[in-house]
Amino acid sequence: MSEKKPRSTVVSKWAKTKVLVKCKKLLPFIPDTQKFSESTLKKMLELYSMVYVKPEIGTYGKGVIRAELLKPNHFTYQIESTERSFKDYKSFYNSIQNYIQKKRYIIQRGIHLLKYNKRHFDIRVMVQLNPEGKWETTGLIGRVAHPKKIVTNYHSGGTPIDIKPLLAVHISNYEIQKIIHTLNELGESTAKSLHKKYPGLKQIGLDIGFDRTWTPWIIEVNTKPDPYIFNKLADKSMYRKVIRYKKAAAKV
Ligand SMILES: Nc1ncnc2c1ncn2[C@@H]1O[C@H](COP(=O)(O)OP(=O)(O)O)[C@@H](O)[C@H]1O
Ligand SMILES: [Mg+2]
């Protein structure tokens, strides 16, 4: 009889968030996330002024909406590089609903991401099971959004860049080392927490966003992270390790 292998990927952003918020250590870094509905969108805009509305199952930044309540009765949302403005909640909501149709969406507190050359950026943290069977952070890379876009994904016009020059415009070398340490730890804790629930996982890629308080917000956890993004860096050492671990894990 063949045993059923535990799954190695989890696509639902909602399912992954539900697991992570149960971990006390991770909870402070997870932006408030709710299922999409007319009343929840209104409530979250009143609470946070800016939210991201995203497909529960999606990749490459596709279908991602940034919605804002700028002042009473002034709502806007942006999809790709198109922005629309509304004078009342109902017409704003109807327009978003019309775009979403019957697809399942989530709403997440919006993080005001730090900028590099006037463009928003976040950081991809690659965490893999190493050949000793322990979770290890193997890659960190910055992703800078296209100036007209609201997402940093490479497949939506974002640019991958070395995190050192990216962070150096904001903080000292000493602080950069501390941040790298924090990202490594956060990546490994997240992997362990998800792995308990999904024992088939062998790699994850976190999208971490920083705001002005330098809180490392976990925007998303991918279970099929792209290893090739690391090949965009001049220094190939991360890329080589990522590929080596990936091949080793595939054999197990
Ligand atoms: N809550 C948020 N606050 C700020 N930016 C966000 C937020 N959610 C998503 N983004 C931006 O959109 C990108 C794509 O969203 P993500 O949740 O990672 O979906 P995908 O699976 O399409 O990559 C993120 O990398 C980030 O740049
Ligand atoms: Mg992502």
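Tutor: Quick definition before we start: helices and strands are DSSP runs, numbered from the N terminus, and a strand has at least two residues. Keep in mind that this is a predicted model.

Student: Okay! Which strands each supply at least two residues of the shell around ligand 1?

Tutor: Look along the chain for the strands that reach the ligand. One is β2, at 50-55, and another is β6, at 105-109. Strand β12, at 216-222, does it too, and that gives us β2, β6 and β12.

Student: Why does ligand 1 lie between two domains?

Tutor: Check who gives residues to the shell. Domain 1 covers 13-30 + 113-251, and domain 2 covers 33-109. Both give residues to the shell, so ligand 1 lies between domain 1 and domain 2.

Student: How many charged residues does the shell have?

Tutor: Let's sort the shell by class. There are 21 residues around ligand 1, with Lys-13, Lys-54, Gly-61, Asp-122 and Glu-220 the closest. The shell has seven nonpolar and seven polar residues, and the charged ones number seven.

Student: What is the distance from an oxygen atom of ligand 1 to an N or O atom in the side chain of Asp-122?

Tutor: Polar contacts are N or O pairs within 3.5 Å, so keep that cut-off in mind. An oxygen of ligand 1 is 3.0 Å from a polar backbone atom of Gly-58, and one is 2.9 Å from a side-chain N or O of Asp-207. For the side chain of Asp-122, the distance is 2.8 Å.

Technical notes: Residues numbered from 1 in each chain as written. Chains lettered and ligands numbered in written order. Predicted model: local features only at pLDDT ≥ 70, side-chain atom pairs only at ≥ 80, totals over all residues. Heavy atoms only, no water. Near = heavy atom within 4 Å. Polar contact = N/O pair within 3.5 Å; in protein donor to acceptor, adjacent residues only side chain to side chain. Helix = DSSP H or I, 4+ residues; strand = E, 2+ residues; numbered from the N terminus. Nonpolar A, V, L, I, M, F, W, Y, C, P; charged D, E, K, R; others polar. Domains from an automatic or database assignment.
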